[in-house]
Amino acid sequence: MFFRSSKDLVGIDIGSRAVKVVQLREVKGLWHLQAMGMASLPPEAIVDNAIMDSSAVIDVVKSLHTSLKIGTKNVVTSISGHSVIIRKIQMPIMTEEELENSIVFEAEQYIPFDITEVFLDFHIIGSDVNDPTMMNVFLVAAKKDFVNDHIAIFRECGLTPMVMDIDSLAVQNAFELNYAVDDNAVIGLVNMGAGGMNVSVLKDGASIFTRDIQMGGNILNEEIQKQFGLGSADAERIKLGQVIPGIEQQAVEEVLLSATEMLAQEVQRSLDFFTATAADDKIQHLYITGGIAQLPQIRQALEKRLGIDVEIIDPFRQIVVNEKDFETEYLKSIGPMFAVAVGLAMRRVGDKND
Ligand SMILES: Nc1ncnc2c1ncn2[C@@H]1O[C@H](COP(=O)(O)OP(=O)(O)OP(=O)(O)O)[C@@H](O)[C@H]1O
Ligand SMILES: [Mg+2]
């Protein structure tokens, strides 16, 4: 699943709602913003993470790459959703090379897909605290068809996909760059997109749990459409806070509250699943990102439900930005949508997701 070489790279996140592009340059340990931009996709171009209208996606990726004058054709991108499975497994301590040789045999018992139909990868988390002879490993399996569809998009754009990452791991990468947390701190991380959410738990800066949820901000649009008999464009406007004549604000607020409650409930369910499997690790703080994180109701719903502080991630927080080239206010306002792309832009070929 990973392609190796070493050159300048650009991070391209194809979300179901919009494509985001970020290019960073590392100079003496600091990341500098070189280029960034986003463009919307037509509503049905990507459904349930699957590319339904590849020519629409190709057009958007190509024109963004051209208009931003990205100097490299080498792309880091990512996938997520139900064609991608991440499982935390335990293996006896061994080298990366040994693991590489045995992972296929191990994977069969954990992956609900035919093993010949998936690309496999792994990421060693570290030795197990309770049993030092064992180590914890993230096993990643992604359906070949799904990965190949994504690769084909970039090839059609005349671009070269160099690294295929996973959304939740890219978000973790962006988080680690921008936020310092106490040793031993256990924190939750949720990327809340239009079509889905990626939930992770980090301890001591290392990922110990990750799960994708197939529900995202689109349910807000659907509820608004259903409730008020509106089309998708109007529903989107209402969600973003615009007032539409004839629609009562109080009624809008109620729909938003109940739909955000559904999202918060899904997040809680995932985190409960983590808590049930993690001896005594208690999540102390939740960081959220993705477009939906900007909705004030979602933060409130999560804080109320989980009883912990919830903070919105600014993925550009520690990135050096030349104010002549980028408006810092703009970066702040769209920041949450760029967490995946920033995490991708920091990848270098040969990295092993750490
Ligand atoms: N200021 C805002 N307030 C509320 N919602 C917002 C705001 N800005 C964007 N959104 C919503 O966020 C969603 C887009 O977020 P994001 O870019 O993270 O999704 P995506 O990456 O395209 O989707 P996915 O990752 O699920 O495929 C849309 O549903 C959009 O309406
Ligand atoms: Mg996304």
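A residue is taken as buried if 20 or more other C-beta atoms lie within 10 Å of its own. By that yardstick, just 1 of the 12 residues of helix α2 is buried in this predicted model, so the helix lies largely in the open. Its length works out as well: at 1.5 Å a residue, α2 (residues 96-107) should span 16 Å, and its end C-alpha atoms sit 15 Å apart, which agrees.

On the broader layout, the protein splits into domain 1, pieced together from 1-81, 145-179 and 314-354, and domain 2, which covers 182-312. Taken over C-alpha atoms, the centres of the two domains are 22 Å apart. Where they meet, 19 residues of domain 1 are in contact with 22 residues of domain 2. On the domain 1 side, α4 (167-178) and α10 (339-345) each supply at least two of the touching residues, and α4 gives the most, with 6 residues. That side of domain 1 is a mixed bag by class, with 8 nonpolar, 7 polar and 4 charged residues.

Then there is the pairing of α5 (residues 218-228) with α7 (residues 249-277). The axes of these two helices come within 9 Å and cross at roughly 145°, and the crossing is right-handed. From α5, the residues involved are Ile 219, Leu 220, Glu 223, Ile 224 and Gln 227; they meet Val 255, Leu 256, Ala 259, Met 262 and Leu 263 in α7. Sorted by class, this contact has 8 nonpolar residues, along with 1 polar and 1 charged.

Notes
Residues numbered from 1 in each chain as written. Chains lettered and ligands numbered in written order. Predicted model: local features only at pLDDT ≥ 70, side-chain atom pairs only at ≥ 80, totals over all residues. Helix = DSSP H or I, 4+ residues; strand = E, 2+ residues; numbered from the N terminus. Expected span 1.5 Å × (residues − 1). Domains from an automatic or database assignment. Contact = placed C-beta atoms within 7 Å. Nonpolar A, V, L, I, M, F, W, Y, C, P; charged D, E, K, R; others polar. Axes fitted to C-alpha atoms, helices over the stretch in contact; angles between N-to-C directions. Left-handed = near helix turned anticlockwise from the far one by under 90°.
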